[in-house]
Amino acid sequence: MYSEFEGQQKDERILYIVTPHGLATIFAITRILVLALLFWVVTFNILPAIGIITFVVSFMLAAGGIWWNTEVYKKSKTYLTDRRVYRTQLVSPFFQAKRALFWTEALKAKGYAPNIIWRLLKIGTVEVQPHLDEHEGVRITDVYFFEDLANYIDKILYLVKNSPDDIATIRPFVPKPAGSRT
């Protein structure tokens, strides 16, 4: 159903690929554009003699911010497999951060929205917490149907702990409203 990813183990089955919601990209780009415009207005009012320079700097900030946010949101992915959760995130133009947490090491999953608007849009954050060190968990942001995904991960954790042979029968996650999933 899904393609392979770098570091995938032999016979490891991908259950779902989590990508950031498109609205998160739009909000990040909008924030950059507002900040670049604010920078231009403030610097132009303080130093009107170098107006063209402040415009060029503001334009470069906006263009760089749009490029960077587009790359970050396009290349950030989280793979839920039958063995682990594997997250890749762009941290610089040259490096990606990778984090894996095997289901046997995970304690629970929780989903929450950062504000009421995201909750109404069903976009939030899912955290998979490990048994021992709470700072070694995997945090997945801008997830559509975040509560359903957290419940799905809890189901995987239950199967891994109580009947590990049944993990092979688990179906992939379908990001649709309840009752519409097939």
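## A pocket lined by α1

Helix α1 gives the most to the lining of the second largest pocket, supplying four residues. This is a predicted model, so please read the details below in that light. The second largest pocket holds about 180 Å³ of space. Its lining is made up of 14 residues, and those closest to the centre are Ala24, Pro114, Trp118, Thr141 and Asp142. At least two lining residues come from each of α1, β6 (123–130) and β7.

## Helix α2 and its packing

Next comes helix α2, which covers residues 51–75 and has 25 residues. At 1.5 Å a residue, helix α2 should span 36 Å, and its end C-alpha atoms are indeed 36 Å apart, so the expected and modelled values agree.

Which residues of α2 are buried? They are Gly51, Thr54, Ser58, Ala62, Gly65, Asn69, Glu71, Val72 and Tyr73. As for their partners, the buried residues of α2 pack against α1 (22–46), β3 (84–90) and β7 (138–144).

## Salt bridges along α2

By the rule used here, the model has five salt bridges. One of them joins Glu71 to Lys75, with the closest N and O atoms 3.1 Å apart. Glu71 and Lys75 are four residues apart in helix α2, which means that about one helical turn separates them.

The two partners sit in contrasting surroundings: Glu71 is buried, at a relative accessible area of 13%, whereas Lys75 is partly exposed, at 37%. Lys74 joins in as well, as Glu71, Lys74 and Lys75 are linked in a network of salt bridges.

## Salt bridges between elements

Another salt bridge pairs Glu147 with Arg119, and here the closest N and O atoms are 2.8 Å apart. Because Glu147 lies in helix α4 and Arg119 in helix α3 (residues 116–120), the pair ties together parts that are 28 residues apart in sequence. Glu147 is partly exposed, with a relative accessible area of 40%, and Arg119 also counts as partly exposed, at 36%.

The side chains of Arg139 and Glu127 meet in a salt bridge too, at 3.7 Å from N to O. This pair links distant parts of the chain, with Arg139 in strand β7 and Glu127 in strand β6, twelve residues apart. Arg139 counts as partly exposed at 46% relative accessibility, while Glu127 is buried at 18%.

## Asp82, a buried charge

Asp82 is found in the loop between β2 (77–81) and β3. What is the nearest side chain of opposite charge to this buried residue, Asp82? The answer is Arg83, 4.3 Å away. A salt bridge needs a nitrogen of Lys or Arg within 4 Å of a carboxyl oxygen, and Asp82 has no salt bridge.

Leaving aside residues up to four places away in sequence, Asp82 touches Asp11, Glu12, Arg13, Leu15, Trp103 and Ile167.

## Lys161 in α4

To finish, have a look at Lys161, whose place is in helix α4 (residues 146–162). Is Lys161 buried or partly exposed? Lys161 is partly exposed, with a relative accessible area of 40%. Setting aside residues up to four places away in sequence, Lys161 touches Trp103, Ala106, Leu107 and His131. Trp103 is thus a contact of Lys161 and also of Asp82.

For a sense of distance, compare Lys161 with Ala28: they are 133 residues apart in sequence, and their C-alpha atoms are 39 Å apart in space.

Methods. Residues are numbered from 1 along each chain as its sequence is written. This is a predicted model: local features need pLDDT of at least 70, side-chain atom pairs count only at pLDDT 80 or more; totals for chains, interfaces and linings use all residues. Side-chain values use heavy atoms; hydrogens and water are left out. The expected span of a helix is 1.5 Å times one less than its number of residues. Buried means under 20% relative accessible area, exposed over 50%, partly exposed in between (1.4 Å probe, protein chains only). Contact means heavy atoms within 4.5 Å. Lys and Arg count as positive and Asp and Glu as negative; His and the chain ends are not counted. On a 1 Å grid over the protein atoms alone, a cavity is a set of points where a 1.4 Å probe fits but cannot get out, and a pocket is an open set with protein on both sides within 12 Å along at least five of seven lines; lining residues have an atom within 4 Å of a point. Grid points are joined across faces, edges and corners, and a volume is the space filled by probe spheres set on the points.
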